[in-house]
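User: Could you take a close look at one part of this structure for me? I'd like to understand the place where the ligand sits.

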Amino acid sequence: MLVKIKRGWELPESAATPEDVFHDRRRFLKAGSAASILLAAPALLAACDEAPSQVAEAAESPAPAEPDPSAKLYPVKRNLRYRLDRDITPEDLVTTYNNYYEFGSSKTIWKKAQALPIRPWTVKIDGLVEKPLEIGVDDLLARMPLEERLYRLRCVEAWSIAVPWSGFALKALVDFAQPLSSAKYLRMETFLMPDVARGQKASWYPWPYIEGLTMAEARNELAFIATGIYGKPMPKQNGSPLRLAVPWKYGFKSIKGIVRFEFMDRRPLTFWEEVGPKEYGFWANVNPEVPHPRWSQASERVVGKDYRVATQLFNGYGQFVADLYRGLETERLFM
Ligand code: MTE
């Protein structure tokens with residue numbers, strides 16, 4: 001049986017999906033017999049908005065943008081502690097070449113993402129905390145110490161960008177949440193709005209998107225909640241109003257459109273780990289010497305350039321994070 005699915009970031013340009021990987025997908029197995037999978041595939045692809053063609057997507061007009069009430073907060077002061085080893089990627093590329101499966105699996109979802117309502121936006125902070133709470137995103141922003149940081153992002157698909165992110169240290173949110181000492185992990189959850197984000201109608205994916213960090217990772221100085229880029233509020237396609245930036249990990253850890261932070265005593269099952277446990281794990285630290293099961297991670301395509309560069313261990317951020325993993329060598333730290 002040949003079922004061919006083009007799934008955006010999971011595939012470097014040249015790779016196809018082997019049958020065994022496809023069959024690993026729990027949701028798909030749930031769908032039943034091989035025959036039903038074959039019959040279901042075209043409809044599911046349509047629901048996931050599989051790349052019609054870039055021309056067709058370009059022809060759609062985006063919903064008119066409503067003003068972002070946080071616009072007055074930007075630009076914020078750059079923290080010079082975090083430096084780049086390369087040029088900042090042009091803004092027009094970072095905002096038009098995206099992964100946001102909620103809006104489809106092509107890279108050109110930016111217009112579709114404009115449909116996401118970002119106000120009111122309530123964030124739930126709960127689980128193992130002193131006092132669970134819900135807070136509007138603008139109230140949260142008013143309490144957080146905003147700054148700008150230059151970080152690179154390395155996608156598991158072997159492309160990379162370098163971005164001026166605005167936002168606040170995740171540690172500031174952790175301190176605000178007052179987790180109990182029994183909290184060992186932070187679970188983060190994306191919105192669930194299938195009528196707006198039509199990719200969420202693709203039932204073989206375990207929506208909503210979930211990501212997680214250990215408490216030590218969440219408190220690490222690099223872990224950042226990004227609320228803007230290029231001195232402006234975060235565009236919807238890049239994860240407005242709140243998205244994670246953990247530059248030493250593959251980009252799929254950088255969850256977008258966060259509505260909930262839950263403190264837990266057990267490791268959360270993350271979205272891509274649930275979809276493909278043989279290929280994606282909880283830790284997902286960048287390592288050029290540990291290939292993805294279907295492609296090398298030794299180098300990366302720099303978006304906007306016509307060359308590749310060598311990928312670095314922990315994406316070059318080892319001085320900040322390598323200590324987090326001492327004693328954890330038996331874990332699958334690099335997938
Ligand atoms: N967050 C959600 N909710 N949904 C997604 O599909 N894709 C991830 C990550 N965060 C994704 C997500 C992946 S695979 C990558 S590489 C980055 O977002 C891409 O971020 P960017 O589009 O801003 O470059």
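User: Which strand gives the most to the lining of the largest cavity?

Analyst: Happy to walk you through it, keeping in mind that this is a predicted model. The strand you are after is E4, residues 159–169, which gives three residues to the lining of the largest cavity. That cavity is also the space taken by the ligand.

Let's begin with the cavity itself. Four cavities of 30 Å³ or more are counted, and the largest holds about 280 Å³ of space. Its lining is made up of 23 residues, and those closest to the cavity centre are Asn99, Arg243, Gly251, Ser254 and Lys256. Sorted by class, this lining has 14 nonpolar, six polar and three charged residues.

Now to the ligand. Around the ligand there are 18 residues, with Tyr101, Glu102, Arg243, Ser254 and Lys256 the closest. By class, this shell has nine nonpolar, six polar and three charged residues.

Some polar contacts are worth finding on your screen. At Asn99, a polar backbone atom is 3.2 Å from an oxygen atom of the ligand. Asn238 uses its side chain instead: an N or O atom there is 3.0 Å from a ligand oxygen. With Thr190, the ligand partner is a nitrogen atom, 3.1 Å from a polar side-chain atom of that residue. As for cover, the ligand on its own has 540 Å² of accessible area, and the protein covers 100% of that area.

Definitions and conventions:
Residues are numbered from 1 along each chain as its sequence is written. This is a predicted model: local features need pLDDT of at least 70, side-chain atom pairs count only at pLDDT 80 or more; totals for chains, interfaces and linings use all residues. Side-chain values use heavy atoms; hydrogens and water are left out. A residue is near a molecule or strand if one of its heavy atoms lies within 4 Å of it. A polar contact is a pair of N or O atoms within 3.5 Å; within protein, one must be able to donate a hydrogen and the other to accept it, and residues adjacent in sequence count only if both atoms are side-chain atoms. Accessible areas come from the Shrake-Rupley method with a 1.4 Å probe; for residues, only the protein chains shown count as cover. On a 1 Å grid over the protein atoms alone, a cavity is a set of points where a 1.4 Å probe fits but cannot get out, and a pocket is an open set with protein on both sides within 12 Å along at least five of seven lines; lining residues have an atom within 4 Å of a point. A molecule sits in a cavity or pocket if more than half of its atoms lie within 2 Å of its grid points. Ala, Val, Leu, Ile, Met, Phe, Trp, Tyr, Cys and Pro count as nonpolar, Asp, Glu, Lys and Arg as charged, and the others, Gly among them, as polar. Grid points are joined across faces, edges and corners, and a volume is the space filled by probe spheres set on the points. Helices (H or I, at least four residues) and strands (E, at least two) are DSSP runs, numbered from the N terminus.
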